[in-house]
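Reader: I would like to learn how to read this model one feature at a time. Where shall we begin?

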Amino acid sequence: MIEGEVLRRDARDVGRYDLECDVLVVGFGCAGACAAIEAARAGAKVLVVERSGGAGGTSINSGGFLYLGGGTALQKALGYEDSAENMFRYMMAACGPAPDEALIAPYCEGSVEHFDWIVAQGVPYRASYFPGNHEPFTTDDGLTYSGSEHVHPFNQIATPAPRGHAPQSIRDKGALLMNKLIASALGAGVKTAYQSRCDALVLERDGRVVGAVLSTLEGERTVRAKKGVVLTAGGFIYNEAMLARYAPALARCGSKVGTETDDGLGIRLGLAAGGEAIRMDAGDISMAIFPPNRLRSGIFVNRSGQRFLNEDVYFGRAGELVLLHQDGQAYLVVDDACFERPSMFPIELAGVGETIAELEAEVGLPKGMLEATVAYYNEHAARGEDPLFHKLPTWLTPLAKPPFAAIDLRADQPFFTAFTLGGLRIDANGRVLGASGESIPGLYAAGRTTSGVAKQGYSSGMSLGDGSFFGRRAGRHAAAQAGREAQ
């Protein structure tokens, strides 16, 4: 909470309501659009309020990926076998520590139907597979590995299957997804109010959320929501005070993913109404030095000159381990055969040498450690083996062609990107829960305002995936409530 904020108002203090609806949705990104569509199609009168000048939120500028599986139509069309159980095994292994089974299980079970629903909104997907690890930035391919499903240790836990579903567009994939969802919402009769910030929730004496107080260009407006309020207002990556309090590690990253409205307001509103916020330290931490993928033939080493991870993992897993387990400092050691400058972000070289010993000295690593690490790696790579970290043979090549270089992987570099994953605790229907596990009557949430399916272990598409999935559930559940008439 921010000192001095008053984010709730007693219903007895609201003289009259300026607007009335059945379901009020706060935020018009991916989660909000899906909540609004389902609530409206269930017969509810829906109003979406958005503090910016138009719809889309952070989602409209995203990669547009949805992490879905279990045997979606696209997976089947491309010959990939998957099941809800197989997807569940991967997510329970990857999305930890302490993965949220109560959300992951229904997400996996409903994944196939959810993809069909997304397609029914008009979002196109090309039936083609992108083999390039991990996102098709320059193609319109529809399916790819957007996580670490196919690499160690996860390929030993669950059968690898690509689950990154990308809309058919070479650029602006997030805009394509969102424009289709926005059109569906408006076509379903959803009403909108832009440049309208939700400043407080209105609660009755029994704790039920029955409306909201808005700040608009015309002044304060009150809204009566007879069936429920759905908070879909994004995360808090742009709130420096909240980052310092809850997730200081994320503040070390060189770049932020989101918009300035990702300031945690939705989370704070939920807290003021009695909800609980969990996993507030969690975030997606991507170290986006790939592509080019030939860099994966190099080796990650820490400040002791030792390897700590297989280099073929999803760049989000690599970023997490560097920031959270190597104190935000590591190097990628390459030779002339595999060196290429990254496509997306600039890099700095921590050192260059004609021999590994020279490189070791220039970077300032303990004497002999990098030499020993590279010698051991090269010996086994020559045989197509990686006994320590089991990197795929595709990327196992001895580092033998000088000059050698160490790419600086400090967390403050621009290729380290982050957004928050912690937020309000919800159940599988999107109901906001209090500290003792009870639901807050009339209050729902979805998207990055909540703690969703990933704590750490994020794969591309899990944010839009769980936001859209639980947004739909929240909208349907809210619309089904009996509601209360204004008193």
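Author: With charged pairs. A salt bridge here is a side-chain nitrogen of Lys or Arg within 4 Å of a carboxyl oxygen of Asp or Glu. Note that the model is predicted. In it, the side chains of arginine 410 and aspartate 412 meet that rule, at 3.2 Å from N to O.

Reader: Are arginine 410 and aspartate 412 buried or exposed?

Author: Here the cut-offs matter: buried is under 20% relative accessible area, exposed is over 50%, and partly exposed lies in between. Arginine 410 has 28%, so arginine 410 is partly exposed. Aspartate 412 has 48%, so aspartate 412 is partly exposed too.

Reader: How many salt bridges does the structure hold?

Author: The structure holds 30 salt bridges. One of them joins the side chains of glutamate 311 and lysine 391, with N to O at 3.0 Å. This pair links distant parts of the chain, as its two residues are 80 residues apart. Glutamate 311 sits in the loop between strand E14 (299-301) and helix H9 (315-325). Lysine 391 sits in the loop between helix H11 (369-381) and strand E17 (404-408). Both glutamate 311 and lysine 391 are buried.

Reader: Where do aspartate 466 and arginine 448 lie?

Author: Start with the bridge itself: their side chains meet at 3.3 Å, N to O. Aspartate 466 is in helix H12 (residues 462-479), and arginine 448 is in the loop between strand E21 (439-445) and H12. They are 18 residues apart, and the pair links distant parts of the chain. Both aspartate 466 and arginine 448 are buried.

Reader: Which residues are linked in a network of salt bridges?

Author: Glu38, Glu113, Arg472 and Arg476 form such a network.

Reader: Next, cysteines. How many disulfides are there?

Author: Apply the distance test: two cysteine sulfur atoms must lie within 2.5 Å. The count comes to 0 disulfides. Take cysteine 95: the nearest cysteine sulfur, that of cysteine 108, is 8.5 Å away. Cysteine 95 has a relative accessible area of 0%, so cysteine 95 is buried. Cysteine 338 is at 5% relative accessibility and therefore counts as buried.

Reader: Where is cysteine 198 found, and which residues does cysteine 198 touch?

Author: Cysteine 198 is in strand E8 (residues 197-203). At 2% relative accessibility, cysteine 198 is under the cut-off and so counts as buried. Setting aside residues up to four places away in sequence, cysteine 198 touches Val26, Ala212, Val213, Leu214, Leu265 and Leu269. Sequence separation and spatial separation are two readings of a pair. Cysteine 198 and phenylalanine 154 are 44 residues apart in sequence, and their C-alpha atoms are 42 Å apart in space.

Reader: How do I read a single polar side chain, such as aspartate 82? Where is its place?

Author: Locate the residue, then list its partners. Aspartate 82 is in the loop between helix H2 (73-77) and helix H3 (84-94). Its relative accessibility is 15%, so aspartate 82 counts as buried. The side chain of aspartate 82 reaches the backbone nitrogen of glycine 70 at 2.9 Å. That side chain also makes a polar contact with the side chain of arginine 163, at 2.7 Å. Beyond neighbours within four places in sequence, the contacts of aspartate 82 are Gly69, Gly70, Gly71, Gln75, Met87, Ala161 and Arg163.

Reader: And a helix? Which residues of helix H4 are buried?

Author: In an α-helix, residues three or four places apart point the same way, because there are 3.6 residues a turn. Helix H4 covers residues 101-109, and its buried residues include Leu103, Ile104, Ala105, Pro106, Tyr107 and Cys108. The buried residues of H4 pack against strand E4 (66-67), H3, helix H5 (111-120) and H12.

Reader: Last, the whole protein. How many helices and strands are there?

Author: There are 12 helices and 21 strands. The C-alpha atoms fill a box of roughly 80 × 50 × 40 Å along the principal axes.

Reader: What radius of gyration would a compact globule of 487 residues have?

Author: Near 23 Å; the protein has 24 Å, which agrees. Buried residues make up 59% of the 487 residues. Of contacts between residues at least 6 apart in sequence, 73% join residues at least 24 apart. The accessible surface is about 18,000 Å², and 49% of that surface belongs to carbon and sulfur atoms.

Definitions and conventions: Residues are numbered from 1 along each chain as its sequence is written. This is a predicted model: local features need pLDDT of at least 70, side-chain atom pairs count only at pLDDT 80 or more; totals for chains, interfaces and linings use all residues. Side-chain values use heavy atoms; hydrogens and water are left out. Buried means under 20% relative accessible area, exposed over 50%, partly exposed in between (1.4 Å probe, protein chains only). Helices (H or I, at least four residues) and strands (E, at least two) are DSSP runs, numbered from the N terminus. A polar contact is a pair of N or O atoms within 3.5 Å; within protein, one must be able to donate a hydrogen and the other to accept it, and residues adjacent in sequence count only if both atoms are side-chain atoms. Contact means heavy atoms within 4.5 Å. The radius of gyration is taken over C-alpha atoms; the globule rule is 2.2 Å times the number of residues to the power 0.38. Accessible areas come from the Shrake-Rupley method with a 1.4 Å probe; for residues, only the protein chains shown count as cover.
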